[in-house]
Amino acid sequence: MKFVFNFIIMSNNIVLKRGLDIPINGVAAQETVKTVKPSVVAMKPTDFKGLVPRLLVREGDKVLAGSPVMADKNCLDILFTSPVSGTVAEVVRGDKRKLLEVRIKADEAQEYVDFGVQNVASMSAEDVKALLLKSGLWTSLVQRPYGILANPQAQPKAIFISAFNTAPLAADYEYTLGSEVEAIQAGVNALAKLAQVHVSVNSASSAFAKLQNATLHTFTGKHPAGNVGVQIANISYIRKEETVWTVALPLVAAIGKLFTTGKVDLCRKVAVTGPEAVNPAYVNALPGVAMKDLESFYAGAENIRIVSGDVLSGKTIGAEGYLGFFDTQVSILKEGNTHELFGWARPLRLNQFSSTRSYFSWLCPKKKYNMDTNLHGGPRAFLMSDSFYADVLPMDIFPLYLTKACLAGDIEKMEKFGIYEVLPEDLALCEFVDPSKNYIQDIIAKGIDLMLKEMA
Amino acid sequence: MNSIFEKGGKLYWLHSTVDAFETFLNVPDTVSLKGTHVKDSIDLKRIVIIALISTIPAALFGMWNVGYQHSLAIGAAPAFWSDFFYGLLKVIPLYVVAYIVGLSIEFASAQIRNEEVNEGYLMTGFIIPLIVPVDVPLWMLAVAVAFAVLFGKEVFGGTGMNIWNPALLTRAFLFFSYPSSMSGESTWIALRKGEALIDGATGATPLSFVNEGLDSVATQYGTSFMDMFLGTIPGSVGETSALAILLGAAILIWTGVASWKIMVSSVLGALCVGILAQLGGSDIPCYYHLVMGGFAFGAVFMATDPVTAAQTECGKWIYGFFIGAVCVIVRLFNPGYAEGMMLAILLGNTFAPIIDHCVISASISRKAKKIA
């Protein structure tokens, strides 16, 4: 009963009623203020879930853009290639010698490995697969359930691509990739050799609504309508023993460029955003670019948090960190490590946002807030009911039950409540609205780890 | 926080207590360490304070009504302020006992579990004095509160883990352990020493007469729908005025703290059974059930407790309807006990997980049938 009225399907037009757009300050102006010429670029194995890396280079080795740097120990065909040409400067390891970063010092002039211009139409699925694996772009495929590296031996039900972003302050694909529709089309053509491709757009007038060789779906709704997981759940949800692959749109463009130019060109427009970002705008950058190269956006600011990705599911990387492989956004926020006297009891607190009417933010629906990282409360046991969380998750699952099943490590219940369908990012809004301040994404991630361990 | 309260410090055993007071005064400076980097401003403190505010109209009215009923019973002329202060002085000791006993247990168990003190008891403690007879002996209240908090809540792991509403458990404990203090004619009106009821006055609530017909109470108070709606009748402190409770309901629904579905469906449940009973020969109009006894208070403030209520949307409809229906069934078909709301809600709490289980199973099997 609960979900019947929550979405109306008219042909391929899906309206999602539930969700929440977080009104946070610092949206990037639609101009590209600079092209970051990277000094050092880092490749981070931690960007890929399930990767056990084997290092293929040593410090001091020369690499070109597209040269292999790492491979996956579980499947040595999966190569991770350098986004720049340069010299391997440093291999950073953590506890138990876990490989954290491979830092590559970039050359002045970029040289690319030439994979040769391809004619996709005449290629077989095996050829496409082989080229993707060899070029390192196979790693842009994410396999669900669990959000792991795609297994080249698997035959997915379909490949899903979200052609719009709804995350807070996220890069606007119409702006960043609107001029690269041809490359994206080439990428879609290549992926279509592997499985049926589904592309979700947010309006029929989108630049990506013209894509051929794929099934188009139109989604209307607030965040997380742009999350590919939510789209899959509303198109054809993932059942047990099914796999699907997803590819982020900027990486589809990179795949397209690989086939049309023969080069691994991962350059993308990155939105530098957030309440603490100075003149938030776009830059041209590579994955793994150093935050130091973006210093002009936060110069002089103290007590800030720099996040690779959006404010809901991005990773804290700090001023010394590097942009993640999949990220097209940097969020800069103030650390909320200050006290506020009688905070919870003060009736007005007009500078606070709440999705509920327990504060007065409902009076000014257009207002944007300078949010910081304060918890606004302390950790408690779950108190609100499941439907409180389901209100921001347009999927046919029971988020609180799933979270509790993950907490309990009860695999049978996790399966039943939809662990196959979700990645932590899909429940990020549940975590945002949670009055009990539980780390729901972390709980889900641990649940997924348990599934991977038990199902292996 | 001073380091002597930290782990290893001399006063570590006071850690949770100090932390509770500190966070009570200050929004703490803790930041999100993983997961979402920004958070909604709502937290349990805010939810509890809103719930508290919503019960204030009923509490204030109840205090005045205690004095007003006293004036009526001894034949004095009612006067607004003196009635109110009479009631206030009667109710304050109940609050003191409920909070001191409950919070002590709450603070101690938070320390034992090494957690922060949960705010949930602030609401429970505010409600308890409103649902007990005003003249209940304080030691009984203390025992009942201790039982409810310990065995109703802390043994399950504290607020959020409990199965039954702790405030109602307090009342149930009182009711079953000390029945003579919980019902009958002398319970519901607070008298001073040496005072006696005037002739023809009774301290029983209109509900007590459900099985005898309403006429017998009309000598003392009107039992018109309006009297009961406004609440100028004897009863537990906070339960009498449906009007004041509706004010609270409006706040709860508008802020989204409590579920309107549970409130509406429990009204529907009560009306349904009431109508059926009327068709079967009962002479009480079905809508009287909504304003008599603890129905309104229970439906608005206690059945909606998100921890013990049904979790799913569909489940909330079933759960509310069940509570409303059982309440009226107990009232009409059980001559021993006039008030059904307490038992109905406790029973509803007990069945809520089963209701949710059925709703979720149905939803999952419906989904499995959906063509991919």
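A residue counts as buried here if 20 or more other C-beta atoms lie within 10 Å of its own. That cut-off comes up right away in strand 17 of chain A in this predicted model, where A:Arg268, A:Val270 and A:Val272 on one side and A:Lys269, A:Ala271 and A:Thr273 on the other are all buried, leaving both faces covered. Put as a count, 6 of the 6 residues in this strand, which spans residues 268-273 of chain A, are buried. In a regular strand the side chains alternate between the two faces of the sheet.

Strand 17 of chain A also has partners in strands 18 and 21. With strand 18 of chain A (residues 281-285) it runs antiparallel, and 5 bridges hook the two up. One of the residues involved is A:Lys269, whose bridge partner in strand 18 of chain A is A:Asn284. With strand 21 of chain A (residues 329-334) the pairing is parallel and rests on 3 bridges. Here A:Ala271 is matched with A:Gln329 as its bridge partner in strand 21 of chain A. Strands of a sheet pair through backbone hydrogen bonds, either parallel or antiparallel.

Elsewhere in chain A, 3 strands make up an open sheet in the order 5-7-8, with antiparallel pairing. Strand 5 (53-55) and strand 8 (75-81) of chain A sit at the edges with a single partner strand each, so one side of each has no neighbour in the sheet. On average, neighbouring strands of this sheet are turned by 35° against each other, direction ignored. Strand 7 of chain A (residues 68-72) is joined to strand 8 of chain A by 4 bridges, and the two run antiparallel. As part of that pairing, A:Met70 has A:Phe80 as its bridge partner in strand 8 of chain A.

A:Phe80 also serves as a reference point for A:Glu174: the two are 94 residues apart in sequence and 28 Å apart in space, C-alpha to C-alpha. A:Glu174 belongs to helix 2 of chain A, which covers residues 173-177. It is partly exposed, because 19 other C-beta atoms lie within 10 Å, while burial takes 20 or more. Leaving aside residues up to four places away in sequence, A:Glu174 touches A:Ser206 and A:Ala207.

On to the other helices of chain A. Helix 4 of chain A (residues 228-236) is mostly covered, with 8 of its 9 residues buried. Those buried residues are A:Val228, A:Gly229, A:Val230, A:Gln231, A:Ile232, A:Ala233, A:Asn234 and A:Ile235. Helix 3 (residues 181-192) and helix 5 (residues 249-261) of chain A pack against each other at an angle of about 85°, their axes 7 Å apart. These two helices of chain A are therefore roughly perpendicular to each other. Helix 3 of chain A brings residues including A:Ala183, A:Ile184, A:Gly187 and A:Leu191 to the contact, and helix 5 of chain A answers with residues including A:Leu249, A:Val252, A:Gly256 and A:Phe259. By class, the residues of this contact come to 11 nonpolar, 4 polar and 1 charged.

Chain B has 14 helices and 1 strand. Of its 372 residues, 53% count as buried. Among contacts in chain B between residues at least 6 apart in sequence, 70% link residues at least 24 apart. In the loop between helix 2 and helix 3 (80-113) of chain B lies B:Ala79. B:Ala79 counts as partly exposed because it has 13 C-beta neighbours inside 10 Å. B:Tyr68 is 11 residues from B:Ala79 in sequence, and the C-alpha to C-alpha distance is 7.7 Å.

Where the two chains meet, chain A puts in 63 residues and chain B 48. On the chain B side, the elements that give two or more residues are helix 1 (15-25), strand 1 (26-27), helix 2 (44-74), helix 9 (242-255), helix 13 (313-333) and helix 14 (341-369). Helix 2 of chain B supplies the largest share of that side, 6 residues. Sorted by class, the side of chain B that touches chain A has 20 nonpolar, 18 polar and 10 charged residues.

As for confidence, the model scores ipTM 0.88 and pTM 0.90. Chain B averages a pLDDT of 84, and 87% of the residues score at least 70. Among the elements of chain B, helix 9 has the highest mean pLDDT (94) and strand 1 the lowest (72). Over residues 213-222 of chain B the pLDDT is below 50, and this stretch has 19 contacts in the model beyond near neighbours in sequence. Where pLDDT is low, the predicted coordinates should not be read in detail.

Definitions and conventions
Residues are numbered from 1 along each chain as its sequence is written. Chains are lettered from A and ligands numbered from 1 in the order in which they are written. This is a predicted model: local features need pLDDT of at least 70, side-chain atom pairs count only at pLDDT 80 or more; totals for chains, interfaces and linings use all residues. Two residues are in contact if their C-beta atoms, placed from the backbone, lie within 7 Å. Ala, Val, Leu, Ile, Met, Phe, Trp, Tyr, Cys and Pro count as nonpolar, Asp, Glu, Lys and Arg as charged, and the others, Gly among them, as polar. A residue is buried if 20 or more other C-beta atoms lie within 10 Å of its own, exposed if 12 or fewer, and partly exposed in between; C-beta atoms are placed from the backbone. Two strands pair if DSSP finds at least two bridges between them. pLDDT is the predictor's confidence in each residue, from 0 to 100. Axes are lines fitted to C-alpha atoms, for helices over the stretch in contact, and angles run from 0 to 180 degrees between N-to-C directions. Angles under 35 degrees count as roughly parallel, over 145 as roughly antiparallel, 65 to 115 as roughly perpendicular and the rest as oblique.
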